[in-house]
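Dear colleague,

Please find the structure below, together with its sequence. My notes on its core and its aromatic contacts follow.

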Amino acid sequence: MSDFSSSGSDEDLDPELELLDELGGKLSKWTNYIHGWQDRWIVLKGNILSYYRSADEKEYGCRGSICLSKAVITPHEFDECRFDISVNDSIWYLRAEHPLLRQQWIDTVELHKAESGYGSESSLRRHGSLLSLTSAASGLSTTSASSFKKGYSLQEKLAEMETFRDILCRQVDTLQKYFDNCADIDSKDELHRDKASEDEEDFLTSRPDGNYLLNNNNSSKEKLFSVDSLKGSLGIDFKGEAITFKATTAGILSTLSHCIDILVKREESWQRRLDKEIERRRRAEDAYKAALTELKKKPHYGGPDYEEGPNSLINEEEFFDAVEAALDKHDQIEEQSHAERSRASRQISLPPDTYSSISPPKYLTKPHSQTSSLSSVDLISASDDVHRFSAQVEEMVQSHMTYSLQDVGGDANWQLLVEEGDMKVYRREVEENGIVLDPLKATHAVKGVTGHEVCHYFWDTAFRNDWETTIESFQVVETLSDKAVIIHQTHKRVWPASQRDVLYVSVIRKILSTNENDPDTWLVCNFSVDHDSYPPSARCIRAKINVAMICQTLISPPEGDKEITRDNILCKITYVANVNPGGWAPASVLRAIAKREYPKFLKRFTSYVQEKSSGEAILF
């Protein structure tokens with residue numbers, strides 16, 4: 001979708017909670033160097049940015065999320081639709097459908113980042129005064145077990161403090177009981193005085209030994225009670241308890257003083273350690289900031305900034321090394337796959353000729369050159385092969401039969417790239433607006449197969465995956481006739497080159513010779529067209545092609561009345577390819593890859609045709 005969608009209505013939401021709405025939209029996100037840009041559903045809620053594979057898969061959970069509190073949003077310098085969001089070492093590469101939508105996303109993300117950060121007023125209202133339990137716990141664990149082993153004297157003093165505390169508590173309880181009883185006795189003594197003053201007959205007198213006497217009118221004295229009786233009744237030696245209490249408090253004060261001395265010494269040691277730790281942390285933070293700054297300057301290797309293009313951060317040598325390494329890996333996989341297919345080979349009979357009636361074999365007394373057959377070729381358009389691209393097909397066929405079969409040996413513009421046996425590969429260097437458009441041409445001679453068989457296996461999509469190793473997927477978009485189809489083909493990604501697809505008409509044609517001594521010609525022509533059902537996508541670069549496989553069958557007459565066998569057959573192949581890669585890539589890399597891959601392709605394909613045709617009836 002081209003704009004945001006909100007999960008709540010404006011009427012139901014408080015203005016202060018407006019930022020908590022869930023906003024969603026579709027953006028292209030860079031996944032990895034294999035799959036490139038993929039459409040993802042991006043959701044913005046509060047200060048959390050999440051993405052899902054699609055809007056329909058939200059119920060299965062997000063595939064990733066980042067917090068925007070410390071995020072850095074960077075519009076791309078060259079790509080008007082792209083912007084990057086980075087948090088520490090995590091970077092999201094995103095692309096909108098057009099620049100206005102990109103700016104809308106950037107403004108919205110920046111707004112949520114500013115209003116949802118931990119330092120904003122709205123965040124204080126939402127988060128309150130919660131503390132981090134992790135931070136609190138870390139503050140309580142600053143000492144190690146080994147450090148306490150060194151401070152065994154402090155441990156001993158603390159144990160002494162525990163003992164003193166128990167003794168002091170017992171003494172306080174004892175003294176409290178003594179004071180409570182003293183208060184009771186004083187109360188009783190006052191009661192007796194009140195009675196004596198009322199009677200005026202009895203009164204108390206004290207003696208030097210501390211005893212109290214009760215006097216009456218009869219001049220007789222009776223002992224009322226004594227301090228010894230109080231001591232005996234409570235069982236407490238007040239003087240002794242007071243001395244013990246004083247000693248206990250003195251011991252506590254002494255132990256506390258000793259503990260303070262130990263702590264002061266320990267504090268000095270810990271302070272030195274703390275200073276060292278602070279210095280180490282400062283150096284680590286400086287190194288982290290420097291690394292983070294360097295990381296922001298240079299995006300992740302393998303990201304979209306390293307893709308092909310005039311502004312790519314990867315240099316030409318690294319580009320070539322990366323492409324060559326990827327191709328080597330593809331070759332290894334293909335070799336393993338081919339070995340497995342060989343072990344489990346199965347015989348598939350060649351379908352009957354559905355393209356033209358089989359003509360009687362033509363016996364040639366001598367091989368004919370490619371140029372000698374030009375004057376005797378009659379271009380025949382089949383009346384049943386009429387469709388909306390018929391005019392373009394005839395134009396392409398005429399062009400290839402006129403120019404592609406011309407000998408390039410004396411043309412200085414054509415350079416011989418590879419020569420291996422009967423196979424020769426030529427190139428003519430052409431550039432347009434900095435894009436390499438080098439035409440390629442290859443000639444080859446293959447024994448034991450006919451031109452019809454070669455073109456049949458090259459054109460029929462049923463056999464495409466058996467010999468074509470560079471294709472990721474293909475689909476027949478439309479069948480124009482029995483001899484013409486429109487094909488959409490996606491090629492495997494070779495990083496750092498972008499992934500490419502092609503949409504083309506593929507036609508197979510038999511061109512009859514007007515001279516009985518010259519062979520007929522079979523031709524497969526593939527050229528790019530447009531189709532409403534398959535417009536170019538942001539995922540792939542749409543390449544343009546004009547390719548032809550032109551084959552002629554040369555037959556050497558067998559001895560006597562023997563039948564023609566595959567030993568008497570030779571197929572002369574001319575393969576031409578004009579490819580516009582559709583995007584910028586280093587010219588030296590494209591030319592080096594073409595020199596490497598085209599001969600391998602031709603050998604692989606012709607070997608496949610020989611293997612498939614072996615043991616089958618000859619198809620002329």
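**Core and aromatic contacts**

The largest nonpolar core (buried Ala, Val, Leu, Ile, Met, Phe, Trp, Tyr and Cys residues joined through side-chain atoms within 4.5 Å) has 37 residues, and those with the most contacts inside it are Val454, Phe458, Met549, Tyr575 and Phe605. Helix α12 (residues 587-613) gives the most to this core, with six residues; helices (H or I, at least four residues) and strands (E, at least two) are DSSP runs, numbered from the N terminus.

This is a predicted model: local features need pLDDT of at least 70 and side-chain atom pairs pLDDT 80 or more, while totals for chains, interfaces and linings use all residues. Residues are numbered from 1 along each chain as its sequence is written, and side-chain values use heavy atoms, with hydrogens and water left out.

The structure holds 12 aromatic pairs (rings of Phe, Tyr and Trp, the last by its six-membered ring, with centres within 6.5 Å; planes under 30 degrees apart are stacked, over 60 edge-to-face, the rest tilted). Tyrosine 575 and phenylalanine 601 form a tilted pair, at 5.3 Å centre to centre and 55° between the planes. This pair links distant parts of the chain, with tyrosine 575 in strand β23 (residues 569-580) and phenylalanine 601 in helix α12, 26 residues apart. Tyrosine 575 is buried, at a relative accessible area of 9% (buried is under 20%, exposed over 50%, partly exposed in between; 1.4 Å probe, protein chains only). Phenylalanine 601 also counts as buried, at 9% relative accessibility. Ring pairs join Phe458, Trp467, Tyr575, Tyr598, Phe601 and Phe605 into a cluster.

With kind regards
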